[in-house]
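Reader: Before I rely on any of the terms used for this protein, I would like to see how each one is justified. Could we go through them one at a time?

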Amino acid sequence: MRPSLRFLAPVLLAVALPAAALAAKANVEITNHSDWAIYHFYLSSTDERRWGPDQLGDEVIGSGESFVLRGVPCDSYDVKLVDEHGDQCVVPAVDICGKRQTWTITRDDLLDCERQGS
């Protein structure tokens, strides 16, 4: 006996929706409005204990410049950036999902992060 299409449709939909959500990716534009160049930018899924590769590669986000991370899979990430003096800033549990996001890094953001010892 063959299952009816009416019965299979909800089953197929239930399988397809989570797969589509997992395949969703975002572009994230990072704009540096601080006084310092950003030399390194790392992402780590909040489920992981190690940092992923430097997302900037050989690039540097100078003061007043922007950089676009392309095709970032939907997830919750810890974000670490390192400025020109080697100061590190870690922002935990940043949700990335959707088509395009814009992040602005300011002087105050980096100074606050440094004061908190991240």
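**Terms and their grounds**

Author: In this predicted model, β4 (75-83), β5 (88-96), β6 and α2 (107-116) each supply at least two residues of the lining of the largest pocket, whose volume is about 200 Å³.

Reader: What makes Trp-103 a lining residue of the largest pocket?

Author: A lining residue has an atom within 4 Å of a pocket point, and Trp-103 therefore counts as one; the lining also includes Phe-41, Val-79, Cys-89 and Asp-109.

Reader: How do you know which class prevails in that lining?

Author: The lining has 9 nonpolar residues, set against 1 polar and 1 charged; Trp and Cys count as nonpolar and Asp as charged, so Trp-103 and Cys-89 belong to the nonpolar class and Asp-109 to the charged class.

Reader: Why are β1 and β3 called paired strands?

Author: Pairing requires at least two bridges, and because 6 bridges join β1 (residues 25-33) to β3 (residues 66-73), the two strands qualify; they run antiparallel, and Ile-30 has Phe-67 as its bridge partner in β3.

Reader: What makes β6 a partner of β1?

Author: β1 and β6 (residues 100-106) share 7 bridges in the parallel sense, which meets the requirement of at least two, so they too are paired; here Ile-30 stands opposite Trp-103, the residue that also lines the pocket.

Reader: Which parts of the chain have the lowest and the highest confidence?

Author: Confidence is lowest in helix α1 (residues 5-23), at a mean pLDDT of 45, and highest in strand β2 (residues 38-45), at 96, while the chain averages 82. Over residues 1-17 pLDDT stays under 50. Where pLDDT is low, the predicted coordinates should not be read in detail.

How values were computed:
Residues numbered from 1 in each chain as written. Predicted model: local features only at pLDDT ≥ 70, side-chain atom pairs only at ≥ 80, totals over all residues. Heavy atoms only, no water. Helix = DSSP H or I, 4+ residues; strand = E, 2+ residues; numbered from the N terminus. 1 Å grid on protein atoms, 1.4 Å probe; cavity = no way out; pocket = protein on both sides within 12 Å on 5 of 7 lines; lining within 4 Å. Points joined across faces, edges and corners; volume = space filled by probe spheres on them. pLDDT = per-residue confidence, 0-100. Contact = heavy atoms within 4.5 Å.
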